[in-house]
Amino acid sequence: MQIVGINIGPAAAPSGLPLVRVVFEGEGGESVAVEMARGEDADGALSAIERAKALLVQTATFEMPVDGNDVPGSSEERGDVHAAESNIYTFEYRDGDQTRQVPPAEMPSFEAARAEAIRCAIDMLVDLQPGADDLTGWLIRVRDHAGNELCSIDVAEAEAARQANDNTPL
């Protein structure tokens with residue numbers, strides 16, 4: 001979704017707890033709302049937007065099979081075979097000369113984490129300005145729970161994936 005606007009306002013949980021609501025508005029009338037506890041940050045709106053972005057990454061599900069694995073309880077309690085494997089990934093984004101990491105997120109698999117990194121890199125291409133931005137090198141890195149780099153999506157790979165998506169019939 002291409003973000004065309006962001007609205008921030010108050011909200012309340014069913015318990016009455018005061019919340020802040022961040023609504024990301026997209027082209028074509030799409031929107032995504034994130035409601036979260038009010039932060040103590042002095043940065044206000046910018047901090048709320050960053051927290052909302054991190055929550056969206058953390059809660060996103062990709063390639064999740066609908067096979068009963070969403071039963072409450074830990075994976076060990078359900079007897080999942082892959083319970084010992086870590087599916088915690090950290091996404092690191094290049095922003096000009098700086099990098100930004102979002103809080104770690106649980107993903108169903110490395111393949112899902114890599115697919116999300118490619119999707120995000122494609123979205124980042126829209127914001128790059130030829131002549132003003134470095135159009136070479138990495139855009140997003142994916143790290144495991146220990147901080148080891150698992151993959152890196154560069155501008156060329158993101159552009160190739162974008163072109164492949166553009167040529168895929170709906």
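This is a short walk through one predicted protein chain, from its overall layout to its cores and a few single residues.

Before I start, a word on the basis: because the model is predicted, local features need pLDDT of at least 70 and side-chain atom pairs count only at pLDDT 80 or more, while totals for chains, interfaces and linings use all residues. Residues are numbered from 1 along each chain as its sequence is written, and side-chain values use heavy atoms, with hydrogens and water left out.

Let me begin with the layout. The chain has four helices and eight strands, where helices (H or I, at least four residues) and strands (E, at least two) are DSSP runs numbered from the N terminus, and their order from that end is β-β-β-α-α-β-β-β-α-β-β-α. Of the 170 residues, 31% are buried, and here buried means under 20% relative accessible area, exposed means over 50%, and partly exposed is in between, with a 1.4 Å probe and protein chains only.

Now to the inside. In soluble globular proteins, nonpolar side chains tend to be buried together. In this chain the largest nonpolar core (buried Ala, Val, Leu, Ile, Met, Phe, Trp, Tyr and Cys residues joined through side-chain atoms within 4.5 Å) has 24 residues, and those with the most contacts inside it are F91, Y93, L139, I140, V142 and I153. Two or more residues each come from β4 (88–95), α3 (110–125), β7 (138–143), β8 (149–154) and α4 (155–166), with α3 giving the largest share, eight residues. A second, separate core has eight residues, among them V22, V34, A48 and A52.

Staying with this region, which residues does Y93 touch, once its neighbours within four places in sequence are left aside? With contact meaning heavy atoms within 4.5 Å, the partners of Y93 include V57, C120, M124, W138, L139 and I140.

E92 lies in strand β4, and E92 counts as buried because its relative accessible area is 7%. The side chains of E92 and R143 are joined by a polar contact of 3.0 Å, a polar contact being a pair of N or O atoms within 3.5 Å; within protein, one must be able to donate a hydrogen and the other to accept it, and residues adjacent in sequence count only if both atoms are side-chain atoms. Not counting residues up to four places away in sequence, E92 also touches T99, R100 and Q101, among others.

Finally, the strand at the start: I3 lies in strand β1, and I3 counts as partly exposed because its relative accessibility is 38%.
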